[in-house]
Every structure is written in C-alpha cells, then in structure tokens.
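These notebook entries record what I looked up in one structure. I took aromatic contacts, cysteines and backbone angles in turn.

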Amino acid sequence: MSKFVVTAKIQIHPERSVRKSLDRSMVQYSLACDRISEVVFQTHNLNQAQLQEQLYEELRERFGLKSQMACSSIRTVIAKYKTILSEEHQWIQPKFKKPQLDLVWNRDYSLNSKSNIFSVNTLNGRIKVPFCKNGFEQYFA
C-alpha cells in the first residue's frame with residue numbers, strides 16, 4: 001500500500017470584514033519574517049530554539065502574532081535562509097515583501113469538507129469562510 005500527498009489550492013470567499021482580518025494577519029506575518037530575517041542576517045544563527053527564545057515575545061507584542069504564528073514565522077525564515085545557503089552558498093538577506101501566512105494544519109486552520117467551510121486563525125481570532133474544492137472533490141471525501 002503506497003501513500004501519496006496531494007496538495008490542493010482552494011479558493012475561499014471571505015466577506016469584506018473577514019478579508020481585512022486575513023490581509024492584516026498576512027501583512028503582520030511578513031513584517032515579523034522581515035524582523036527575524038534581520039536578526040538571522042546579523043547573527044548567522046539558524047537555531048530555532050535560540051531564535052524563538054530571543055524573538056518570541058517581540059513577535060507576539062510588536063506584530064500581534066498568535067503563539068503558533070510566531071513559531072511558524074521563525075521556521076519560515078530559517079527555511080528561506082537554508083534554501084539560499086544551499087543555492088547561493090553565501091549569506092544573503094531575504095526580504096518578505098508579499099503578504100503571506102504559513103499555517104499549521106489543525107492548529108491554524110482546518111477544513112470541513114461536508115459544509116465547505118475553511119476555518120483559519122487570524123490576529124483577530126478564528127474566522128470561518130466558505131471554500132470551493134475546484135475539481136478536488138474526490139480528495140475531500
């Protein structure tokens with residue numbers, strides 16, 4: 001029996017107020033990643049535990065990130081640096097210009113495929129929005 005992973009993009013349909021909350025969360029997450037990137041570039045430290053100890057409170061207070069988001073932002077930056085180092089073999093500071101939000105399944109988000117509801121954590125709390133399966137219905141069964 002073989003296992004495989006399917007990655008599916010879903011399209012969500014948030015109302016205007018919910019969209020603002022999502023946009024704000026993504027912007028703050030990107031700003032937090034930029035701050036982490038500055039520290040990593042200065043120190044060349046890619047140790048997650050040390051970075052978390054150094055930056056966790058700042059990420060929560062300054063950028064308003066939830067606990068899981070703060071931890072995820074550190075992992076995001078470390079992964080970006082590791083990719084750059086493996087390809088470029090030198091320390092280049094990445095910038096996080098585009099709003100983004102890296103989510104952890106069943107912590108930051110979940111899907112209810114029966115009701116087509118996407119539940120996601122934002123800086124303003126959890127929101128629920130309808131989503132489309134776009135031809136991936138068989139994988140949501």
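I count a residue as buried when its relative accessible area is under 20%. The model is a predicted one, and I read each entry below with that in mind.

Entry on cysteines. I asked whether Cys 71 is buried or exposed. Its relative accessible area is 13%, so Cys 71 is buried. I then looked for disulfides, for which two cysteine sulfur atoms must lie within 2.5 Å. I found zero disulfides by that rule. For Cys 71, the nearest cysteine sulfur belongs to Cys 33 and is 12 Å away, and Cys 71 takes part in no disulfide. I also checked Cys 132, which is partly exposed at 27% relative accessibility.

Entry on aromatic pairs. How many aromatic pairs does the structure hold? I noted three. One of them joins Tyr 81 and Trp 91: the ring centres are 5.5 Å apart and the planes meet at 45°, so I recorded this pair as tilted. Tilted here covers angles that are neither under 30 degrees nor over 60. Tyr 81 lies in helix α3, residues 67–88, while Trp 91 lies in the loop between α3 and β2 (109–112). The two residues are 10 apart, and the pair links distant parts of the chain. The partners are not alike in exposure: Tyr 81 is buried at 0% relative accessible area, whereas Trp 91 is partly exposed at 27%.

I next recorded Tyr 109 and Phe 118, a tilted aromatic pair with 6.0 Å from centre to centre and 45° between the planes. Tyr 109 is partly exposed at 21% relative accessibility. Phe 118, at 10%, falls under the 20% limit and therefore counts as buried. I also noted a cluster in which ring pairs link Tyr 109 and Phe 118 with Trp 105.

Entry on backbone angles. I searched for positive phi values because most residues other than glycine have a negative phi. Where is His 44 found? I located His 44 in the loop between α1 (16–43) and α2 (48–63). Its phi is positive, about 60°, although His 44 is not a glycine. His 44 is partly exposed, with a relative accessibility of 41%.

I made a similar note for Asn 116, which is not a glycine either and has a positive phi of about 55°. Asn 116 sits in the loop between β2 and β3 (117–122). At 28% relative accessible area, I entered Asn 116 as partly exposed.

Key
Residues numbered from 1 in each chain as written. Predicted model: local features only at pLDDT ≥ 70, side-chain atom pairs only at ≥ 80, totals over all residues. Heavy atoms only, no water. Phe/Tyr/Trp six-rings, centres within 6.5 Å; stacked < 30°, edge-to-face > 60°. Helix = DSSP H or I, 4+ residues; strand = E, 2+ residues; numbered from the N terminus. Buried < 20%, exposed > 50% of the residue type's maximum accessible area, 1.4 Å probe, protein only.
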